[in-house]
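User: I am new to this structure and would be grateful for a close look at one part of the picture, namely the pairing of charged side chains. Please explain how the individual pairs are placed.

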Amino acid sequence: MRVAKITRLLLCLALLAFVIPAGAQRRANTEQKIDALLAKMTLAEKLGQLQQLDGHADGRYKDEQPQLVRSGLLGSTLNVRGARQTNELQRIAIEESRLKIPLLFGFDVIHGYRTIFPIPLGEAATWDPATVEKSAAIAAKEARAAGVHWTFAPMVDIARDPRWGRIAEGSGEDPFLGSVMARARVVGFQGNDFSAADKVVACAKHWVAYGAAEGGRDYNTTDLSERTLREVYFPPFKSALDAGVGTFMSAFNDLNAVPTSANSFTLTTVLRGEWKFDGLVVSDYESVKELINHGIAANEKEAAAAGLNAGVDMEMVSRLYNKYGADLLKEKKLSQATLDEAVRRILRVKFRLGIFEKPYADEARERESIFIPAHLLATREAAARSMVLLRNEGNVLPLSKNLKSVAVVGPLADSQKDVIGSWTGDGKPEDAITLLAGIKSKVSSNTIVSYAKGCDINDDTTSGFDEAVRIARESEVVIVAVGESAEMSGEAASRSSLDLPGRQLDLVKAIRATGKPVVVVLMNGRPLSINWIAENVPSILETWFGGTQAGNAIADVLFGDVNPGGKLPVTFPRSVGQVPLYYNHKNTGRPPDANNKYTSKYLDLPWTPLFPFGYGLSYTQFKFTNLQLSAQRIGPEGRLTVTVELENVGQRSGDEVVQLYIRDVSASVTRPVKELKGFQRITLRPGEKKRIEFTLGPEQLGFYDSAMKFIVEPGEFKIMVGSSSEDFIEAKLEIEKP
Ligand code: BGC
């Protein structure tokens with residue numbers, strides 16, 4: 001046994017001894033090739049590499065692009081896709097341009113290329129990095145087959161404000177969950193080598209703090225302390241970087257008076273200096289030009305200088321680098337070294353992608369790899385895993401497949417375009433399975449399924465209510481699908497209300513008044529303040545926008561083929577007036593106390609959320625017992641193991657997400673009341689019991705002191721383990737003085 005172990009160890013060491021120099025050698029070779037190219041490039045060709053231009057929305061390139069490519073004046077496109085289109089343009093780069101530098105084809109593959117997965121917020125609700133990694137891997141496989149090299153994903157912006165529509169595109173409010181999901185997506189997209197035929201290079205965006213837009217209004221200003229940046233907004237980016245992410249995108253927002261597309265602290269000091277990132281940074285869409293509107297550049301030339309000098313290598317869509325690069329060099333407002341460095345970073349990514357050797361997509365491969373049954377199955381499973389059971393009084397759910405009749409009601413019950421969400425890549429609404437279709441194929445052939453839309457998502461008409469109520473009365477159970485349309489979240493889709501839009505709540509009330517058992521199925525890209533529903537409707541299932549197979553996946557959950565186990569990756573407020581409301585807040589000097597007016601709360605609303613972060617029910621029940629720490633006291637460098645017993649005490653197999661939170665009770669700077677530091681999604685059969693183990697060490701117990709140094713301070717900690725941020729058992733830990 002021991003001999004086998006030693007042999008294995010020796011083998012590993014030998015492999016490492018071989019792999020490390022091989023990697024270093026490859027890197028050195030690449031740099032040499034870049035040097036050789038740089039030596040040959042004219043100024044115009046160098047500036048050309050810094051330019052990314054948009055194609056048509058349907059994937060075709062634009063008329064001017066072939067000539068630009070031929071002249072070496074275009075380095076990259078976005079939205080041009082499909083093996084044929086990309087090959088046509090690539091052939092010009094390879095066969096007709098002087099230096100034969102391949103084009104880099106970028107595209108927003110956010111939650112799937114053609115097979116659409118749940119929106120990222122939904123995927124985060126799986127609390128299952130394996131599912132998320134798989135979805136990104138499938139997206140990468142389809143995209144690369146269609147000639148796409150580069151996805152502008154993952155979006156890893158922390159979002160504590162649900163008014164911000166782009167909350168749908170990220171992993172919610174928590175830096176730890178966000179970091180786990182960031183890693184999973186990067187690994188899924190890139191694998192360990194993104195030159196592979198089924199991988200793409202990923203892009204961590206939007207660097208940085210874009211999700212903190214004031215008032216939740218997209219593109220708006222942010223002003224945050226360095227501590228908040230380092231503790232809340234940076235970690236998912238750092239996690240993406242540690243997973244090997246090849247590119248970053250600078251953002252639209254102003255950050256502490258320097259817009260993020262001209263911010264040398266974030267782009268150069270932190271990203272290149274501290275974190276040693278050597279890939280490329282692309283601007284967001286015209287964000288270099290927008291520096292003029294921000295008021296830190298008087299004109300286009302100043303904007304170009306500000307972006308390039310701060311560390312934005314490639315300019316998306318606006319063309320200021322190309323227009324003014326030569327003048328800036330002449331006027332010494334840009335150094336040759338800065339320009340060459342930007343070109344180097346772009347070429348480096350192209351070399352890493354292997355597109356100098358293999359510039360073309362394979363059309364046969366494209367046909368075989370896209371929208372295939374295995375991918376549909378994967379998205380159905382991911383969608384089912386993303387669903388969060390918010391309420392199930394009286395166990396209305398799961399439903400029997402042998403119901404005599406079921407009424408399916410609501411503006412989202414049969415909408416193919418909405419169920420796939422925003423940013424749908426090359427996805428097609430006509431491929432999507434709606435809730436109605438999913439239910440029809442789930443129930444027995446004797447079950448009567450009737451459908452009425454009831455009302456639209458967002459207008460005042462109630463003329464469809466009567467029909468909806470009529471079919472509800474005639475049915476054994478009513479399923480009502482309400483929420484938001486797909487375009488109500490995503491980019492430029494901020495809302496000032498978190499209520500259900502239009503007359504949907506009235507529709508739910510009318511259906512509830514029939515006295516029939518009602519299940520509300522929510523579809524939305526952000527938390528909604530569904531207070532009346534939460535109090536009055538016995539069963540509520542949050543399904544986000546579940547993607548191509550959403551309807552089948554929802555039916556899997558409603559009829560009990562899948563036991564829901566997702567958890568909220570974001571707090572659901574009772575009212576937009578509570579925003580920002582997040583679980584890892586500070587305690588204040590006067591924490592809320594119902595019996596004391598002079599504490600931190602509202603006169604007209606409880607201070608608590610409608611549903612807390614980490615919350616979600618199951619068709620079975622779980623019990624947490626026996627929380628144990630391997631040591632009650634450790635030194636600042638020490639580690640400990642936390643174990644807890646989880647038991648399925650209900651009647652069905654099911655999943656629980658075991659969540660570990662810490663609180664540093666007293667420190668030299670104030671600390672959040674809770675911080676997630678570990679989680680595991682566990683499946684147990686009825687009666688089954690399992691010991692779950694977590695390790696805590698300096699990375700989890702430390703924080704930035706007042707000098708921004710990461711330290712672990714002696715003192716008391718609370719360790720909390722449970723099923724949500726509000727439901728846990730706890731133990732004490734002491735960090736001793738060294
Ligand atoms: C968005 C980015 C996106 C880019 C390209 C911008 O408007 O902010 O997230 O990657 O467009 O489509």
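Analyst: Across the whole structure, a search finds 52 salt bridges. The model is a predicted one, and the account below takes up some of these pairs in turn. As a general matter, side chains of opposite charge can pair when their charged atoms come close.

The account may begin with Glu96 and Arg70, which form a salt bridge whose closest N and O atoms are 2.5 Å apart. Glu96 belongs to helix 4, whereas Arg70 belongs to helix 3 (residues 65-70), so this pair ties together parts that are 26 residues apart in sequence. Glu96 counts as partly exposed because its relative accessibility is 42%. Arg70 is likewise partly exposed, with a relative accessibility of 31%.

Helix 4, which covers residues 83-96, also holds Glu88. This residue has a relative accessibility of 32% and therefore counts as partly exposed. Together with Asp362, Glu363 and Glu368, Glu88 forms a negative surface patch. Residues enter such a patch only if they have over 30% relative accessible area and no salt bridge. Glu88 satisfies the accessibility condition, because its value of 32% lies over the 30% cut-off.

A further pair is found in helix 8, which spans residues 226-233. There, the side chains of Arg230 and Glu226 meet in a salt bridge, with a distance of 2.8 Å from N to O. The two residues are 4 positions apart in this helix, which means that about one helical turn separates them. Their surroundings can be described one by one. Arg230 is buried, since its relative accessible area is 11%, and buried means under 20%. Glu226, with a relative accessible area of 33%, is partly exposed.

The last pair to consider is Arg671 and Glu675, whose side chains meet in a salt bridge at 3.5 Å, N to O. Arg671 counts as buried because its relative accessibility is 8%. Glu675 is buried as well, with a relative accessible area of 14%. These two residues also take part in a network of salt bridges, in which Arg671 and Glu675 are linked with Arg227, Glu231 and Lys677.

To draw the account together: the salt bridge of Glu96 and Arg70 ties helix 4 to helix 3, the pair of Arg230 and Glu226 lies within helix 8, and Arg671 and Glu675 belong to a network of salt bridges.

Methods: Residues are numbered from 1 along each chain as its sequence is written. This is a predicted model: local features need pLDDT of at least 70, side-chain atom pairs count only at pLDDT 80 or more; totals for chains, interfaces and linings use all residues. Side-chain values use heavy atoms; hydrogens and water are left out. Patches are made of residues with over 30% relative accessible area and no salt bridge: like charges are joined within 9 Å, nonpolar side chains (Val, Leu, Ile, Met, Phe, Trp, Tyr) within 5 Å. Accessible areas come from the Shrake-Rupley method with a 1.4 Å probe; for residues, only the protein chains shown count as cover. A salt bridge is a side-chain nitrogen of Lys or Arg within 4 Å of a carboxyl oxygen of Asp or Glu. Lys and Arg count as positive and Asp and Glu as negative; His and the chain ends are not counted. The place of a charge is taken as NZ of Lys, CZ of Arg, CG of Asp or CD of Glu. Buried means under 20% relative accessible area, exposed over 50%, partly exposed in between (1.4 Å probe, protein chains only).
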